[in-house]
Amino acid sequence: MEIGMSESMLKMWISIAGMGLLAVAMIAIYFSRYKIKMKLLKAITALFAYLCLIVGGIIMVFVVFTGPTGN
């Protein structure tokens, strides 16, 4: 017997992952701009932050535009 996750629960976990990525991006951008002094580390942190922001935004767009589930 296989116990799987419903579509609604899967979308919930995907959206939580997207929100987590957006929160990580916010914290990383803050550290990149105000706390880190080394230019190379600042650039790497900013790049990581913006990648998290882009991926989190794509996930949120996916969750919103796929609409409600029937379950």
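This is a dialogue on how to read a predicted model of one protein chain.

Reader: Where should I start, and what secondary structure does the protein chain have?

Author: Start by counting elements. The protein chain has two helices and zero strands. Helix α1 covers residues 7-35, and α2 covers 39-65.

Reader: What does the radius of gyration say about the protein chain?

Author: The value is set beside what the globule rule gives for the number of residues. Here the radius of gyration is 16 Å, and the rule gives 11 Å for 71 residues, so the protein chain is more spread out than a compact globule. The C-alpha trace spans about 55 × 30 × 15 Å along its principal axes.

Reader: How do I check the span of a helix, taking α1 as the case?

Author: Use 1.5 Å a residue and set the expected span beside the distance between the end C-alpha atoms. The 29 residues of α1 should span 42 Å, and its ends are 41 Å apart, which agrees. For α2, 27 residues should span 39 Å, and the end C-alpha atoms are 39 Å apart, which agrees as well.

Reader: How much of the protein chain is buried?

Author: A residue counts as buried when its relative accessible area is under 20%. Buried residues make up 21% of the 71 residues. The protein chain exposes about 5,600 Å², and carbon and sulfur atoms supply 77% of that area.

Reader: Which residues of α1 are buried, and what covers them?

Author: In α1 the buried residues are K11, S15, G18, A25, A28, I29 and S32. Their cover includes α2. On the other side, T45, A46, A49, C52, G56, I59 and V63 are buried in α2, and the buried residues of α2 pack against α1.

Reader: Why do residues three or four places apart in an α-helix point the same way?

Author: An α-helix has 3.6 residues a turn, so residues at that spacing end up on one side. A case in this structure is Y30 and Y34, which both lie in α1, four residues apart, about one turn of the helix.

Reader: Can we go through single residues? Is I29 buried or exposed?

Author: I29 is in helix α1 and has 18% relative accessibility, so I29 counts as buried. Leaving out residues up to four places away in sequence, I29 touches A49 and Y50. I29 and M12 are 17 residues apart in sequence, and their C-alpha atoms are 26 Å apart in space.

Reader: Which residues does K11 touch?

Author: K11, also in helix α1, touches V63, T66, G67 and T69, not counting residues up to four places away in sequence. K11 has a relative accessible area of 14%, so K11 is buried. K11 and T66 are 55 residues apart along the chain, while their C-alpha atoms are separated by 9.4 Å. As for G67, this residue comes just after α2 and takes a positive phi of about 75°.

Reader: How much of the contact in the protein chain joins residues 24 or more positions apart?

Author: Among contacts with a separation of 6 or more, 70% are between residues 24 or more positions apart.

Reader: What about T45, and which residues does T45 touch?

Author: T45 is in helix α2 and is buried at 15% relative accessibility. T45 touches A28, S32 and I36, again not counting residues up to four places away in sequence. A polar atom of the T45 side chain also lies 2.7 Å from the backbone oxygen of L41.

Reader: How many aromatic pairs does the structure hold, and how is such a pair described?

Author: A pair of aromatic rings is described by the distance of the centres and the angle of the planes. This structure holds two aromatic pairs. In one, the rings of Y30 and F31 have centres 5.8 Å apart and planes at 80°, so the pair is edge-to-face. In the other, Y30 and Y34 are 5.5 Å centre to centre with 50° between the planes, a tilted pair. Ring pairs thus link Y30, F31 and Y34 into a cluster.

Reader: How exposed are Y30, F31 and Y34?

Author: Y30 is partly exposed, with a relative accessible area of 40%. F31 is partly exposed at 39% relative accessibility. Y34 is exposed, with a relative accessible area of 54%.

Terms used:
Residues numbered from 1 in each chain as written. Heavy atoms only, no water. Rg over C-alpha atoms; globule rule 2.2 N^0.38 Å. Buried < 20%, exposed > 50% of the residue type's maximum accessible area, 1.4 Å probe, protein only. Contact = heavy atoms within 4.5 Å. Areas by Shrake-Rupley, 256 points an atom, 1.4 Å probe, with all protein chains shown as cover. Expected span 1.5 Å × (residues − 1). Phe/Tyr/Trp six-rings, centres within 6.5 Å; stacked < 30°, edge-to-face > 60°. Polar contact = N/O pair within 3.5 Å; in protein donor to acceptor, adjacent residues only side chain to side chain.
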